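Here is my note on the structure you asked me to look over, set out as numbered points. Please keep the sequence and the 3D view open while you read.

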Amino acid sequence: LTVWEFDSTTNHGERHLRIPARLIAAEDGHTRVTIEFRPRSVIPANSLTPGSADTRSLGLALKAIRISP
């Protein structure tokens, strides 16, 4: 539905997206929405903290998400 661009100067802040009702599915009486984030690039955690054994890939830090009707 959208692409949000982030760089070193715009790496935080609020982003908004409206999901059209026609894209929201109802199954078994429950409304379901799948939201997927796909970072274009990631870095190993240990590249930020030298000497760390943490090899997880970091690419997105999500502080909060609000979903409202």
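1. What share of the contacts in the chain with a separation of 6 or more comes from residues 24 or more positions apart? In this predicted model, such residues account for 14% of those contacts.

2. As for confidence, the chain averages a pLDDT of 85, and 100% of the residues score at least 70. Confidence is lowest in strand β1, residues 25-27, where the mean is 80, and highest in strand β3, residues 43-44, where it reaches 91. As a general caution, where pLDDT is low, predicted coordinates should not be read in detail.

3. Turning to the secondary structure, you will find zero helices and four strands in the chain, and reading along the sequence gives the pattern β-β-β-β.

4. The overall dimensions deserve a careful look, since a compact globule of 69 residues would have a radius of gyration near 11 Å, whereas the chain has 17 Å. Along its principal axes, the C-alpha trace spans about 50 × 30 × 20 Å.

5. How much of the chain counts as buried? Of its 69 residues, 1% do, and the accessible surface of the chain comes to about 6,900 Å², with 52% of that area belonging to carbon and sulfur atoms.

6. On charge, the chain carries 9 positive and 7 negative charges, and the mean positions of these two groups are 5 Å apart.

7. I19 is a useful residue to find on screen, and it lies in the segment before β1. Why does I19 count as partly exposed? Its relative accessible area is 31%, and it is partly exposed because this value falls between the cut-offs of 20% for buried and 50% for exposed. Leaving aside neighbours within four places in sequence, I19 is in contact with L1, I24 and V33. By contrast, S52 is 33 residues from I19 along the chain, and the C-alpha atoms of the two are separated by 40 Å.

8. I24, one of the residues in contact with I19, also has its place in the segment before β1. I24 is partly exposed, with a relative accessible area of 33%. Not counting residues up to four places away in sequence, I24 touches I19, T31, R32 and V33. I24 and N11 are 13 residues apart in sequence, and from C-alpha to C-alpha they are 29 Å apart in space.

9. When you return to the 3D view, you might follow V33, which is in contact with I19 and is also touched by I24.

Technical notes:
Residues numbered from 1 in each chain as written. Predicted model: local features only at pLDDT ≥ 70, side-chain atom pairs only at ≥ 80, totals over all residues. Heavy atoms only, no water. Helix = DSSP H or I, 4+ residues; strand = E, 2+ residues; numbered from the N terminus. Rg over C-alpha atoms; globule rule 2.2 N^0.38 Å. Buried < 20%, exposed > 50% of the residue type's maximum accessible area, 1.4 Å probe, protein only. Contact = heavy atoms within 4.5 Å. Areas by Shrake-Rupley, 256 points an atom, 1.4 Å probe, with all protein chains shown as cover. Lys, Arg positive; Asp, Glu negative; His and termini not counted. Charge placed at Lys NZ, Arg CZ, Asp CG, Glu CD. pLDDT = per-residue confidence, 0-100.
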